[in-house]
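Colleague: I am new to this one and would like to understand the terms used for it. Could you show it to me first?

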Amino acid sequence: MDGNQQVLPLAFAVVDEETYPSWKWFLQQLSRHVIRGRRGMCLISDRHAGLIKAVREGPDFVSPHGVHRYCLRHVCSNFNNTIKNVVLKDLCWQAGSEYQLRKFNRIMDEIKKQDVKAFAYLDAINKEKWTASHDGGWRCGILTTNMSECINGVLKGARRLPVSALVEITLERTVHYFHMRAMKGQKMLQNNQLWTDFACKMFISWQQKVVEHTVTKYSHAQQSASVVTRRQGRHGMNTHVVKIANRECSCGKWNQFGIPCSHAQKSEDYWDDPNFQLVHDPTIRTVTCPGRNQTTRIHNEMDWRQTRARQEAQQQQGDSSIQENVS
């Protein structure tokens, strides 16, 4: 993924089937030709047994060189296949995608309250592997492997071709990706736009919340600030600790995205001089065709709206509460 949250494919492999030997061979080639001793690699994947075993036997995605994380979408899908409860599946997603530890614990307590077995299932999975709140900033805000699905769509028509033709098409389309990204990057630099559209959009979105915060304490020695959010109904009045020197905030967003959150922006008076001006030119953004892009990815139960199932589950919970009160 580049700084604009777009895919830049680096390696492909043609194998007979998805097995431990094929995954081991692929990761070895990835290490030799792409990673080449670099540290700080983060691999996000499903929980395929062969892949997990291959990752453990290689150095690149094991601490201290790198890490291996699970796709939250696959975790929720596997969870739902075992528990078979759409409401708990939604809570599983909320728990995994929550950046604040306090909120993660609250959601897990709710899961435990509704189903002890469901809680035990999730609690048995290493929290660093599937939750944003325990990730430590490795994911850069990427929770799933959905990005790879766009590559599947691009190459879907070539899968039944002979291997030589498949490889040729893959190479040509990959080179096209790099060429288009390079052209756009050059145009951004020529217009003195040093931040990507994605980064600017998030920064501005969080900037709008700054007026709702108040800096109550600041330590020059530790370069840290306490920022309190405004009360909104029953919510708000939460205190977040911003550590400017470490570029992190207790809300977890600065750590994950590398972009100052609203709490960090409230402490802007204490930032170091960046020596450049933030410029955003929205006219650079190009749209190939109007409307939302259509996906050709194979859907599973994680894509279904399941509105009726959620309503039935909520109705059952309401009936159970009434019966308890009557008894």
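**The cavity and its surroundings**

Modeller: Helix H9 gives the largest share of the lining of the largest cavity, 4 residues. Please keep in mind that this is a predicted model.

Colleague: What makes this space a cavity?

Modeller: A cavity is a set of points where a 1.4 Å probe fits but cannot get out. The search of the whole structure finds 1 cavity of 30 Å³ or more, and the largest cavity has a volume of about 40 Å³.

Colleague: Which residues line the largest cavity, and how do you know that they do?

Modeller: A lining residue has an atom within 4 Å of a point of the cavity. Pro-9, Phe-12, Ile-151, Val-154, Leu-155, Thr-170, Arg-173, Thr-174 and Tyr-177 line the largest cavity. Two elements, helix H8 (146-155) and helix H9 (163-190), each give two or more residues to this lining.

Colleague: Why is Tyr-177 in the lining called nonpolar, and how many residues of each class are there?

Modeller: Tyr counts as nonpolar, so Tyr-177 falls in that class. By class, the lining holds 6 nonpolar, 2 polar and 1 charged residues. Arg counts as charged, so Arg-173 is the charged one.

Colleague: And for the whole chain, what makes a residue buried?

Modeller: Buried means under 20% relative accessible area, and 35% of the 327 residues of the protein chain count as buried. The accessible surface of the chain comes to about 20,900 Å², with 51% belonging to carbon and sulfur atoms.

Colleague: How many helices and strands does the chain have?

Modeller: The protein chain has 13 helices and 6 strands.

Conventions. Residues numbered from 1 in each chain as written. Predicted model: local features only at pLDDT ≥ 70, side-chain atom pairs only at ≥ 80, totals over all residues. Heavy atoms only, no water. Buried < 20%, exposed > 50% of the residue type's maximum accessible area, 1.4 Å probe, protein only. Areas by Shrake-Rupley, 256 points an atom, 1.4 Å probe, with all protein chains shown as cover. 1 Å grid on protein atoms, 1.4 Å probe; cavity = no way out; pocket = protein on both sides within 12 Å on 5 of 7 lines; lining within 4 Å. Points joined across faces, edges and corners; volume = space filled by probe spheres on them.
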